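Colleague: I am new to this structure and would be grateful for a close look at a single part. Could you please take me through the salt bridges and the residues that take part in them?

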Amino acid sequence: MKVLGVDPGLTRCGVGVVDGAPGRPLRMLGVGVVRTPAEADIGQRLLQIEQGLEHWLDEHRPDLVAVERVFAQHNVRTVMGTAQASAVAMLCATRRGIPVTLHTPSEVKAAVTGSGRADKAQVTAMVTRLLRLDAPPRPADAADALALAICHIWRGGAVDRIAAALAKAPTARREHLR
């Protein structure tokens, strides 16, 4: 499975593509950031993020896009920008018919490091090790995007299978009662 991870942000939107499957070695196919100038108009910044993400989708043709779930912070302005960038990523993928999944920061940290309270340095170190990279991905937004992709490859499939099984369970019970 090829997953595009997106760490949404208005100034730096991290992107990373990982190919792999549970129990198999992971392979990084690309990593970077889509940057926008802080002084630009919000509409222009969102357009630049869309164009950057469209380029990544064209180049890598992922099977799925994993986006960091926006969570409440004390800085409302930061949350709004992150949510807007997140929405652009979801829109770009959905427009192409690519499934989108959301993962919380603590879920990603736990999947990659074993602890949902890991700091950015620990996440970056584990991403570097798991992908057998010569150097840590920079900036941290890029490493976080790779961590999102890894998280989905390792956990997303299981979550999807559980959800599908639960969705079928009531139907199966009803058919059994007939």
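Modeller: Glu50, Glu54, Asp58, Arg95 and Arg96 are linked in a network of salt bridges, a salt bridge being a side-chain nitrogen of Lys or Arg within 4 Å of a carboxyl oxygen of Asp or Glu. The model is a predicted one, in which local features need pLDDT of at least 70 and side-chain atom pairs count only at pLDDT 80 or more, while totals for chains, interfaces and linings use all residues. Residues are numbered from 1 along each chain as its sequence is written, and side-chain values use heavy atoms, with hydrogens and water left out.

Within the network, Arg95 pairs with Glu50, their closest N and O atoms being 3.1 Å apart. Because Arg95 lies in helix α2 (residues 76-95) and Glu50 in helix α1 (residues 42-60), this pair ties together parts 45 residues apart in sequence; helices are DSSP runs of H or I with at least four residues, strands are runs of E with at least two, and both are numbered from the N terminus. Arg95 is partly exposed, at a relative accessible area of 49%, and Glu50 is also partly exposed, at 22%; buried means under 20% relative accessible area, exposed over 50%, and partly exposed in between (1.4 Å probe, protein chains only).

Asp58 forms a salt bridge with Arg96, with 2.6 Å between the closest N and O atoms. Asp58 belongs to helix α1 and Arg96 to the loop between α2 and β5 (100-103), so parts 38 residues apart in sequence are tied together. Asp58 is partly exposed at 40%, as is Arg96 at 30%.

By the rule given above, the count comes to 7 salt bridges.
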